[in-house]
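The following exercises concern the reading of a protein fold from its coordinates. Each task is followed by a solution in steps.

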Amino acid sequence: MKRALLSRLFLQIGWWFAPPRCPICQNLVRPFHICCECAERERSLRLAKNTASTQVRGMTSVFSRWKYQDEIRNAILEMKFSNMPYQAENFVLLLLSDRDAYTFIRQFNIIIWVPATRSKRMERGYLVPYLLAKSIARLTGVALASENVLQKIKETPNQVELSGKQRRENLKGAFAVMSAQEIEGKRVLIIDDVLTTGTTLHRIAELLTQAGAKEVAGLVLAESVPKMQKESMENVC
Ligand SMILES: [Zn+2]
């Protein structure tokens, strides 16, 4: 009880220094809310049932809140490439405003993020999947894995233009589980910002399962699927 109160107090203090903002337009908002101006657009970009349409082999499910397009796509790109690391917490607060997201995340024992090589981290200065994972762990109470569990040990060319087979070839030997102890027998949730073909998540799921994880699932902010069928808009006020 004391611990819960303390963590709530720390959250409040953190938000006093860095108040939550709407991830789309940067307006100040209350925690776990979106601004009135963006609410309708945000709703129209949600995926039905919070589930990615792409099936990732080796994963029991992949939770995705939005379609990777328009305002959501722009905000994610800005977060990654325009020196806006604080946007990770803003996205997580909005994600967790949905009770389903909180309930989904709480099923897991440990949270891991899709890692990058050291040189890539140095180049960008921060790693969005890690910032998302850290914020999700702090706000839900699910344990965050140490950096030792999963590492990216080989740089890979940009996957965007490659075929499925080339992507799989690309990822051979790219990731490694360095410390299996933390995940043995555990239900593991992998965090990434965007899901495209799912090749990366599939490769990571394979490695974690081989290393002894009981279950591996994924959570991304948004899913990018060119042939994505039009989703029915959720009727939420
Ligand atoms: Zn807004």
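The exercises below proceed from the whole chain to the sheet, then to the helices and to single residues.

**Exercise 1. Overall composition**

Task: State how many helices and strands the protein has, and which share of its residues is buried.

Solution.
Step 1. The model is a predicted one.
Step 2. Its secondary structure comprises nine helices and seven strands.
Step 3. Of the 237 residues in the protein, 35% are buried.
Step 4. Consider next the contacts in the protein with a separation of 6 or more: 74% of them are between residues 24 or more positions apart.

**Exercise 2. Order of the sheet**

Task: Determine the order of the strands in the five-stranded open sheet and identify the edge strands.

Solution.
Step 1. Begin with strand E1 (62–67), which is joined to E7 by five bridges, the two strands running parallel. Within this pair, phenylalanine 63 has leucine 219 of E7 as its bridge partner.
Step 2. Strand E7 (residues 215–223) is in turn joined to E6 by eight bridges, again in parallel. Here leucine 195 stands opposite glutamate 223 of E7.
Step 3. Strand E6 (residues 187–195) also runs parallel to E2, with four bridges between them. Two of the facing pairs can be named: isoleucine 111 has leucine 189 of E6 as its partner, and tryptophan 113 stands opposite isoleucine 191 of E6.
Step 4. Strand E2 (residues 110–113) is joined to strand E3 (residues 143–144) by two bridges, and this pair is parallel as well. Isoleucine 110 is partnered by alanine 143 in E3.
Step 5. The resulting order is E1-E7-E6-E2-E3, an open sheet with parallel pairing. E1 and E3 are the edge strands, since each pairs on one side only.

**Exercise 3. The surroundings of E6**

Task: Establish whether E6 is mostly covered or mostly open, and state which strands helix H9 lies across.

Solution.
Step 1. Seven of the nine residues of E6 are buried, and the strand is thus mostly covered.
Step 2. Helix H9 (residues 199–210) lies across E1, E6 and E7.
Step 3. The direction of H9 is at about 165° to that of E6.

**Exercise 4. Packing of two helices**

Task: Classify the packing of H4 against H7 by angle and by handedness, and give the residues that meet.

Solution.
Step 1. Helix H4 (residues 87–95) packs against helix H7 (residues 128–140) at an angle of about 50°, and their axes are 9 Å apart.
Step 2. The two helices are therefore oblique to each other.
Step 3. Their crossing is right-handed.
Step 4. On the H4 side the contact is formed by Ala88, Glu89, Phe91 and Val92, which meet Val128, Leu131, Leu132, Ser135, Ile136 and Leu139 of H7.
Step 5. Sorted by class, the contact of H4 with H7 has eight nonpolar residues, one polar residue and one charged residue.

**Exercise 5. The environment of leucine 127**

Task: Locate leucine 127, decide whether it is buried or exposed, and find its contacts beyond its neighbours within four places in sequence.

Solution.
Step 1. Leucine 127 is placed in the loop between helix H6 (118–124) and H7.
Step 2. There are 21 other C-beta atoms within 10 Å, and a residue counts as buried at 20 or more; leucine 127 is therefore buried.
Step 3. With neighbours within four places in sequence left aside, its contacts are Ala116 and Arg121.
Step 4. For alanine 116, the separation from leucine 127 is eleven residues in sequence and 7.5 Å in space, taken C-alpha to C-alpha.

**Exercise 6. Positive phi outside glycine**

Task: For aspartate 70 and asparagine 83, give the value of phi, the location and the degree of exposure.

Solution.
Step 1. Aspartate 70 is not a glycine, yet its phi is positive, at about 50°. Aspartate 70 is found in helix H3 (residues 70–81).
Step 2. Aspartate 70 has 13 other C-beta atoms within 10 Å and is therefore partly exposed.
Step 3. Asparagine 83 likewise has a positive phi, near 55°, in a residue other than glycine. The place of asparagine 83 is in the loop between H3 and H4.
Step 4. With 11 other C-beta atoms within 10 Å, asparagine 83 falls under the limit of 12 or fewer, and so asparagine 83 is exposed.

How values were computed: Residues numbered from 1 in each chain as written. Predicted model: local features only at pLDDT ≥ 70, side-chain atom pairs only at ≥ 80, totals over all residues. Axes fitted to C-alpha atoms, helices over the stretch in contact; angles between N-to-C directions. Parallel < 35°, antiparallel > 145°, perpendicular 65-115°, else oblique. Left-handed = near helix turned anticlockwise from the far one by under 90°. Contact = placed C-beta atoms within 7 Å. Nonpolar A, V, L, I, M, F, W, Y, C, P; charged D, E, K, R; others polar. Pairing = 2+ DSSP bridges.
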